Amino acid sequence: MKIIRDTQRNCARMAAEEYRKLLNENPHCVLGLATGSTPEMLYEELVALCKAGKLSFKDVTTYNLDEYVGLDGSHPQSYRYFMDSHLFNLVDIDKTRTHVPCGVGVTDEMAAHYDDEIKQAGGVDLQLLGIGHDGHIGFNEPCDHFPVRTHEVALTESTRRANARFFAGEDEVPAAAYTMGVGTVMAARRVLMIVTGADKADILHRAFCGPVTPWVPASILQFHPDVTLICDEAAWSGMKA
């Protein structure tokens, strides 16, 4: 299913409507959430809907995709801090039901346990995704296989360069992150991907029209039974080729 809107704001509004319907139909749903510049407008729209009484997060459970290795939740560039600042502290959610991978003092075994927690919660009902310029989803970077479970991953130079705008410089960007595996993402009942900007046109085309390959991690979504893609005309332009 594809939905095209002409501005980034309209993409955010359309995505927020998907959440409004889900939360009203299933107040106890489990959400897989994402960070970065792409979801910021979506979270603004969700906060507005919550304050207007059009949806409630009070019975929702959330699991975030990833977290930087070495950053605790008090660090301004940690993803826990991002989620608190852009969503959790602004809506009626129970913070004890919000989960972000811990970035400090975590072993591989503890990271993998994240998947067990998601399973015990009943599984993710709706997983939010963006896409990196190299096709990564979460922090699953291009490689020779599809990682299955939550794990630590070394970040590529291109990913660190892309994220340097949030830090004092590229050297300040952590070299590794904990991320849900591709298998964890694919286990979600529904996937919602938001893509905006002409700079994402080529990789969007490769992900959905090219071969399924771990060198373009997002291409695995071609095998998911329920993906909603919301993108602007600039990002969609590559799909018209």
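## The second largest pocket

In this predicted model, the second largest pocket is lined by five nonpolar, three polar and four charged residues. The space in this pocket comes to about 210 Å³. Two elements give two or more residues to its lining, namely helix 4 (108-120) and helix 6 (182-186). Helix 4 is the top contributor here, with three residues.

If you would like to find this pocket on screen, its lining consists of Asp115, Ile118, Lys119, Gly123, Val124, Val148, Arg149, Gly183, Thr184, Ala187, Ala188 and Arg189.

## The largest pocket

Next comes the largest pocket, with a volume of about 530 Å³. Its lining is made up of 28 residues, and those closest to the centre of the pocket are Thr35, Thr38, Ile131, His136 and Lys200. Sorted by class, the lining holds eleven nonpolar, 13 polar and four charged residues.

Which elements supply at least two residues of this lining? They are strand 4 (66-68) and helix 5 (157-163). Helix 5 provides the largest share, which is three residues.

## An enclosed cavity

Rolling a probe the size of a water molecule over the atoms shows where empty space is left. Apart from the pockets, there is one cavity of 30 Å³ or more in the structure. The volume of the largest cavity is about 40 Å³. Around the largest cavity sit Gln8, Cys11, Ala12, Thr38, Met41, Leu42, Ile194 and Thr196. Two elements, helix 1 (8-25) and helix 2 (40-51), give two or more residues each to this lining. Helix 1 gives the most, with three residues.

What is the make-up of the residues that line the largest cavity? Five are nonpolar, three are polar, and no charged residue takes part. Thr38 deserves a second look, as this residue lines the largest cavity and is also listed among those closest to the centre of the largest pocket.

## Cysteines without disulfides

A disulfide is a covalent bond between the sulfur atoms of two cysteines. How many disulfides does the structure hold? The count is zero.

Why does Cys29 have no bond to Cys50? Cys50 has the cysteine sulfur closest to that of Cys29, but the two sulfurs are 13 Å apart, which is too far for a bond; a disulfide would need them within 2.5 Å.

Is Cys29 buried or exposed? Cys29 has a relative accessible area of 0%, so this residue is buried. Cys102 has a relative accessibility of 44% and therefore counts as partly exposed, since that class lies between 20% and 50%.

## A three-stranded sheet

Strands of a sheet pair through backbone hydrogen bonds, either parallel or antiparallel. Here, three strands form an open sheet in the order 4-8-7, and the pairing is antiparallel. Strand 4 and strand 7 (151-154) are the edge strands; each has a single partner strand, so one side of each has no neighbour in the sheet. From one strand to the next, the twist averages 25°.

Strand 7 and strand 8 (residues 176-179) run antiparallel and are joined by four bridges. Which residue in strand 8 is the bridge partner of Glu152? That partner is Tyr178. Strand 4, at an edge of this sheet, also supplies at least two residues of the lining of the largest pocket.

Note on methods. Residues are numbered from 1 along each chain as its sequence is written. This is a predicted model: local features need pLDDT of at least 70, side-chain atom pairs count only at pLDDT 80 or more; totals for chains, interfaces and linings use all residues. Side-chain values use heavy atoms; hydrogens and water are left out. On a 1 Å grid over the protein atoms alone, a cavity is a set of points where a 1.4 Å probe fits but cannot get out, and a pocket is an open set with protein on both sides within 12 Å along at least five of seven lines; lining residues have an atom within 4 Å of a point. Grid points are joined across faces, edges and corners, and a volume is the space filled by probe spheres set on the points. Ala, Val, Leu, Ile, Met, Phe, Trp, Tyr, Cys and Pro count as nonpolar, Asp, Glu, Lys and Arg as charged, and the others, Gly among them, as polar. Buried means under 20% relative accessible area, exposed over 50%, partly exposed in between (1.4 Å probe, protein chains only). Two strands pair if DSSP finds at least two bridges between them. Axes are lines fitted to C-alpha atoms, for helices over the stretch in contact, and angles run from 0 to 180 degrees between N-to-C directions.
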